[in-house]
Structures are given as C-alpha cells and as structure tokens.
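I opened this notebook page to look up how the ligand is held and what empty space the protein leaves. The entries are kept in the order in which I made them.

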Amino acid sequence: MFPAVDPIPLPAPVWLFKSLHGLTLGLHFIAVEMLLGGLIVAAFWNFYAKQFSGAKDAGHYLAGAADLTGRLPVVMTYVINLAVPPLLFAQVLYGQALYTSSVLIGAWWFSIIFLLMVCYSLLYVASSRSYRGHSTWIFSLIAWLFALTIAKILSSNMTLMLRPEAWGDMYAASALGVHLPKGDPTLIPRWVFMMFGGFTFAGIGLMLLSIGKAHDENMRGFMAKSGGSFAMLGAGMQGMAGYGVFVSQPAVVQKMLVDSQLYSAVGLVWFLALGLVGVAGALQLFKPIVGKALPIIASASGAIFIFATVIYRDGIRDLTLLSKGFDVWKRVEVSNWYIISAFLVLFVLALVAMGWLISIMAKAQPAKKEALT
Ligand code: HEM
C-alpha cells in the first residue's frame with residue numbers, strides 16, 4: 001500500500017516536473033556512462049601499457065589512459081551536479097513511493113555519500129599519479145567498482161519504489177534499513193543495461209576526442225579506431241540488455257507498454273538511435289578516418305538514445321505504479337507561475353553556463369608534466 005497522499009499539493013504541473021526531470025536525468029545518465037566507461041577503459045589501457053611496455057601501440061594506450069584519467073574528476077562533477085535535480089523532481093512526483101523505498105534501504109542509501117567520496121578521491125589520486133607517469137590502473141579499477149556499487153544501490157531503490165507489496169516484509173525484517181531488496185527479476189537487467197552503457201559512451205567520447213586538437217594525428221587515429229570499437233560493442237551489448245529489461249517486467253506492464261502509442265514510438269526511436277551509434281562505431285573502426293561526420297552522428301544518436309531510454313524508463317515506472325493503484329498524473333496541483341517563471345529563467349541560465357564550461361573542458365589541453373613539478 002502507498003502511504004496517504006502528501007497534504008501539500010504540487011507547486012507546478014506534473015508535465016513540467018516530468019519534463020525537467022527527464023532533461024536533467026538524461027544529462028545525469030550521459031555523465032554517468034562517460035564516467036563508468038572512462039574508468040574501465042583507462043584502467044585497462046594503463047594496465048596494458050604498464051605490463052606490456054614493449055608492445056606495439058603501448059605508447060598510445062598509455063597516452064589515451066592518461067588523457068581519460070585526467071578528465072574524469074571533471075566528469076564526476078557533472079555526474080553529481082546533474083544527479084541532484086532529478087532526485088528532487090522524482091521525490092516531488094513520487095514521494096510516497098520513493099521516500100518509502102529510500103527509508104527501507106536507509107543504511108545503503110546513506111552509504112552512497114561515503115562510497116562517492118572514496119570514488120571521487122580515487123579519481124584525483126589516479127589523475128595526479130598519471131601526471132607523474134606512475135601506474136594508475138588499480139585506482140581506476142577500484143573507483144569503477146565503487147561506481148558500480150553506487151549504481152547498484154540506485155537501481156535497487158528505483159526498483160523497490162515500484163514494489164509496494166514488498167515493503168511490509170522488508171520493514172518487518174529490519175527497521176534499520178540494512179537489507180537490500182531481494183527477489184526482484186527487474187533489478188539486475190536494469191543495472192546491467194546501465195553498466196553496459198559505459199562502453200557505448202566511452203566509445204562515443206573517444207570518437208569525439210579524436211576530432212579535438214589535443215593530440216597528434218597518430219593518436220587521433222588510435223582514439224577514433226578504439227572509440228569506434230567500444231561504441232559498436234557497447235551498442236550491441238545495450239541492445240541485448242535493453243531487451244532483457246523489457247522481458248523482465250511483469251506481463252501487465254509489458255502489455256501496457258506495447259499498447260501505448262507513445263512508448264511504442266519511443267521504443268522504436270530508442271532502437272534506431274542505438275543502431276546508428278553501433279553503425280557509426282563500426283564504420284569508424286573499419287575505416288579509421290579522423291573526420292567529424294562519424295563522431296557527430298554517434299554523439300547525436302547517443303544523446304537521442306539516452307533521452308529515449310529516460311522516457312521509456314519513466315513509462316516503466318508510471319505504468320508499474322498505475323497497475324498498483326498510484327497515478328502520478330492525478331497528483332493535486334496548485335501552481336504558482338511567478339515562482340515557476342523565475343525558476344525557469346535561472347534554470348536556462350544554469351544550462352547555458354554548463355554548456356560554456358563543457359566547451360572549455362572539451363578544448364582543454366592535458367596539463368604538461370613540468371607545470372606540475
Ligand atoms: C558514481 C556516481 C553515480 C553513479 C555511477 C550513478 C548511476 C546511476 C544509475 C545507473 C542510475 C539508474 C538506476 C536505475 O534506474 O536502475 C541512476 C539513477 C539516478 N541517480 Fe545516479 N549515479 C551516481 C551518483 C548519483 C548521486 C550522487 C545522486 C544523488 C544526488 C544520484 C541520483 C540519481 C537519481 C535520483 C536517479 C534516478 C532518478 C529517477 O529515477 O527518477 N546519482 N544513477
């Protein structure tokens with residue numbers, strides 16, 4: 001059962017909260033995928049370069065790992081700053097479900113703060129070691145494991161909030177929030193889907209870096225080729241995992257998704273955009289030309305894919321909750337348009353400022369060793 005309705009009405013329409021939620025969550029997901037993918041690729045490349053320093057291309061692997069390792073602390077600032085807005089919007093819209101599930105896994109939910117602090121510190125350790133030419137892979141690998149754990153706790157909460165039937169037993173088992181939910185067939189596919197996205201977006205990120213000016217032509221060719229292979233691999237893995245997410249849903253939810261024109265159309269866009277990422281990646285891999293077209297196609301399709309994922313995922317949540325008696329569209333709303341207008345102006349200004357910061361980050365050259373000594 002859902003707790004009684006919140007006595008405070010929504011201060012803005014549901015559609016507005018949902019739009020803002022979708023926009024900010026899509027940006028959070030892009031940053032998350034870049035972080036996850038950047039960490040695992042940097043760890044693997046640095047390991048390879050250090051263990052097989054005489055191998056052909058070892059220099060490229062080392063330089064590629066150093067470039068990624070140096071950028072990840074900045075990517076993490078985006079992960080975190082773009083995480084808070086969707087959390088707030090989701091809490092406003094789905095408080096009765098999301099607060100309940102957050103309390104039920106309270107100890108784990110709080111632990112995210114500490115896991116995040118360790119993960120973030122490791123990014124800085126790896127980055128500073130990288131500038132000094134030291135081995136970094138173990139730090140990147142541990143940071144990746146911490147990030148996977150954070151993601152698993154988030155997936156656990158986002159799926160537990162959809163299962164009011166499990167809440168009573170969990171609370172009876174422990175009121176301290178020390179247990180994670182068990183027996184939900186939707187949890188692992190959903191988490192795996194997000195984790196595979198790291199490969200897709202590491203690939204897109206490398207393809208984009210290959211058209212920047214930070215590296216010489218040889219290195220750009222290496223980044224284009226490896227970016228293409230990760231994008232192709234990631235797209236294939238995410239396609240399969242996405243299917244796994246769908247078939248793990250309860251039959252009633254699957255039927256509602258298929259019957260909905262909106263979600264059928266979004267599902268098709270999702271599929272086409274992911275396919276385009278895979279094809280652009282494959283072309284880049286087999287024809288490693290350092291040109292702008294493929295990276296731009298891959299990144300634009302990647303962005304469309306993420307926003308389609310966000311909308312479809314929102315559909316899974318709304319239709320699951322609807323099947324259990326909670327209709328988010330029926331929340332009582334009393335809008336204050338002066339406040340909403342002021343908020344929207346500030347929100348757009350913040351997005352513009354963020355775009356400007358990203359453009360500076362993209363143009364940044366890796367720091368020179370001598371500047372740090
Ligand atoms: C390394 C750090 C992080 C990683 C790897 C990460 C990863 C993820 C993943 C995988 C999901 C999807 C979960 C699912 O639905 O199955 C997610 C959703 C979410 N994350 Fe993050 N996240 C990170 C940090 C944060 C932080 C610090 C916050 C809070 C301030 C946060 C807030 C959220 C919220 C609110 C959602 C779901 C929103 C919704 O369903 O409406 N994340 N994140």
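The entries below go from the ligand to the pockets and then to the cavity.

Entry, the model. I note at the start that this is a predicted model, and I read each value below as computed from it.

Entry, the iron. I looked up which protein atoms serve as donors to the iron atom of the ligand and found a single one, NE2 of His28, at 2.2 Å. I then placed His28 along the chain, and it belongs to helix α1, which covers residues 14-51.

Entry, the ligand shell. I listed the residues around the ligand and obtained 24, of which His21, His28, Ser155, Arg313 and Arg317 come nearest. Sorted by class, this shell holds 18 nonpolar, three polar and three charged residues.

Entry, polar contacts. I searched for side-chain N or O atoms beside the oxygen atoms of the ligand, and Ser155 has one at 2.8 Å from such an oxygen. Arg317 likewise places a side-chain N or O atom 2.8 Å from a ligand oxygen, while for Arg190 the distance is 3.0 Å. I also noted which elements give two or more residues to the shell, namely α1, α2 (58-81), α3 (84-104), α5 (137-160), α7 (187-209) and α11 (293-323).

Entry, the largest pocket. Where does the ligand sit? I found it in the largest pocket, which encloses about 1,200 Å³ of space. This pocket is lined by 45 residues, and Leu25, His28, Phe29, Met194 and Arg313 are the closest to its centre. Helix α1 provides the largest share of the lining, seven residues, and by class I recorded 34 nonpolar, eight polar and three charged residues.

Entry, the second largest pocket. I recorded a volume of about 1,000 Å³ for the second largest pocket. Its lining numbers 36 residues, with Met34, Leu208, Ile358, Met361 and Ala362 the closest to its centre. The elements that each supply at least two lining residues are α1, α2, α7, α11 and α12 (337-363), and α12 gives the most, eight residues. The class split I wrote down here is 25 nonpolar, eight polar and three charged.

Entry, the cavity. I asked how many cavities of 30 Å³ or more the structure holds, and the count is one. The largest cavity has a volume of about 40 Å³, and its lining consists of Leu36, Gly37, Ile40, Trp144, Leu148, Met195, Gly198 and Phe199. Two or more of these lining residues come from each of α1, α5 and α7, and the lining divides into six nonpolar and two polar residues, with no charged ones.

Note on methods:
Residues numbered from 1 in each chain as written. Predicted model: local features only at pLDDT ≥ 70, side-chain atom pairs only at ≥ 80, totals over all residues. Heavy atoms only, no water. Donors = N, O, S within 2.8 Å, 3.2 Å for Na, K, Ca; no water. Helix = DSSP H or I, 4+ residues; strand = E, 2+ residues; numbered from the N terminus. Near = heavy atom within 4 Å. Polar contact = N/O pair within 3.5 Å; in protein donor to acceptor, adjacent residues only side chain to side chain. 1 Å grid on protein atoms, 1.4 Å probe; cavity = no way out; pocket = protein on both sides within 12 Å on 5 of 7 lines; lining within 4 Å. Sits in = over half its atoms within 2 Å of the grid points. Nonpolar A, V, L, I, M, F, W, Y, C, P; charged D, E, K, R; others polar. Points joined across faces, edges and corners; volume = space filled by probe spheres on them.
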